[in-house]
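Biologist: Could you take me through the sheet in this one, strand by strand, starting with whatever cross-link you find there? I'd like a close look at that one part, and a word on the helices around it.

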Amino acid sequence: MKAFVLGAVLACGMVSGANAQANSSDRPMTQFTRSALLSALSGIDAETEEQSGKPNISVTFDNGLMGDALLMACEDQQTSRNCLGTSILVTYETPDDATPAKVREAINEYNYRQNFGRAYLDPDGQITLRMYIIADGGITMANYKRQLALFSLSAAKLPNYVYGE
């Protein structure tokens, strides 16, 4: 009986240890999951709102910046299963008093000076900033959160380039 109890205690300890390792911020993820994305965003104090029937997640970063998160390159895009990419997208209003050339110049300067995200004018003339994170080869949760946080900080600087704020 003692051997059975000791075996059960050891087994529980091994399961708990395995669960702790699975949730470790140092253990590389080779795929992104919806729960990992939500956890990473929560870990940087971003608020999220899931959209019924859509794979997109609305995000409000702790600096007030609002964006859209989407898992990409998935085995099944509708269910966000076995995804290799995370896309974060933020859009900005194009100033009425700025010429397209001035906006392009501001975007080019932002892209030259900032490293987290790529700004561009979309086909409708909307100023857009996107960051794409890949899981290929593995990424730790700590790195995932750090990249999302750095994107938020960098994205908050784009208006300074475009609007001169």
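Modeller: The disulfide count comes to one, and bear in mind that this is a predicted model. The pair is C74 and C83, with their sulfur atoms 2.0 Å apart, inside the 2.5 Å cut-off for calling a disulfide. The link of C74 and C83 is right-handed, with 105° about the S-S bond. As a reminder, a disulfide is a covalent bond between the sulfur atoms of two cysteines.

Now for the strands that hold those cysteines. Strand β3 covers residues 66–76 and strand β4 covers residues 81–92; the two run antiparallel and are joined by seven bridges. One of the pairs to look for is D76, whose bridge partner in β4 is R81. β3 and β4 make a hairpin, with four residues between them. In that turn, S80 has a positive phi of about 55°.

Zoom out a bit and you get the whole sheet. It's an open one, built from six strands in the order β1-β2-β3-β4-β6-β5, and the pairing is antiparallel. At the edges sit β1 (47–50) and β5 (118–121), each of which pairs on one side only. From one strand to the next, the twist averages 30°. In general, strands of a sheet pair through backbone hydrogen bonds, either parallel or antiparallel.

Start at the β1 edge. Four bridges tie β1 to strand β2 (residues 57–60), and the two run antiparallel. E49 finds its bridge partner in S58 of β2. This is another hairpin: six residues lie between β1 and β2, and G53 in the turn has a positive phi of about 75°.

Go back to β4 and look at the pairing with β6. Strand β6 takes in residues 127–134, and β4 pairs with β6 over eight bridges, in the antiparallel sense. Two pairs help you find the register: T86 has I133 of β6 as its bridge partner, and I88 has M131 of β6.

From β6 you step across to the other edge strand. β5 and β6 pair over four bridges, in the antiparallel sense again. Here L121 stands opposite I127 in β6. β5 and β6 also form a hairpin, with five residues between them, and G125 in the turn has a positive phi of about 85°.

As for the helices, α3 (residues 100–113) lies across β5 and β6 and runs at about 170° to β5. Then there's a helix pair worth a look: α2 (residues 34–43) and α4 (residues 141–155) have axes that come within 9 Å and cross at roughly 60°. That angle is why α2 counts as oblique to α4. The crossing of α2 and α4 is right-handed. On the α2 side, the contact is made by A36, L37, S39, A40, L41 and G43, and on the α4 side by M141, Y144, K145 and L148. Sorted by class, the contact of α2 with α4 has seven nonpolar residues, two polar and one charged.

If you want one place to begin in the viewer, try C74 and C83, which form the disulfide, then follow β3 and β4 through the hairpin with S80 in the turn.

Note on methods:
Residues are numbered from 1 along each chain as its sequence is written. This is a predicted model: local features need pLDDT of at least 70, side-chain atom pairs count only at pLDDT 80 or more; totals for chains, interfaces and linings use all residues. Side-chain values use heavy atoms; hydrogens and water are left out. Two strands pair if DSSP finds at least two bridges between them. Axes are lines fitted to C-alpha atoms, for helices over the stretch in contact, and angles run from 0 to 180 degrees between N-to-C directions. Angles under 35 degrees count as roughly parallel, over 145 as roughly antiparallel, 65 to 115 as roughly perpendicular and the rest as oblique. A crossing is left-handed if the near helix is turned anticlockwise from the far one by less than a right angle, and right-handed if clockwise. Contact means heavy atoms within 4.5 Å. Ala, Val, Leu, Ile, Met, Phe, Trp, Tyr, Cys and Pro count as nonpolar, Asp, Glu, Lys and Arg as charged, and the others, Gly among them, as polar.
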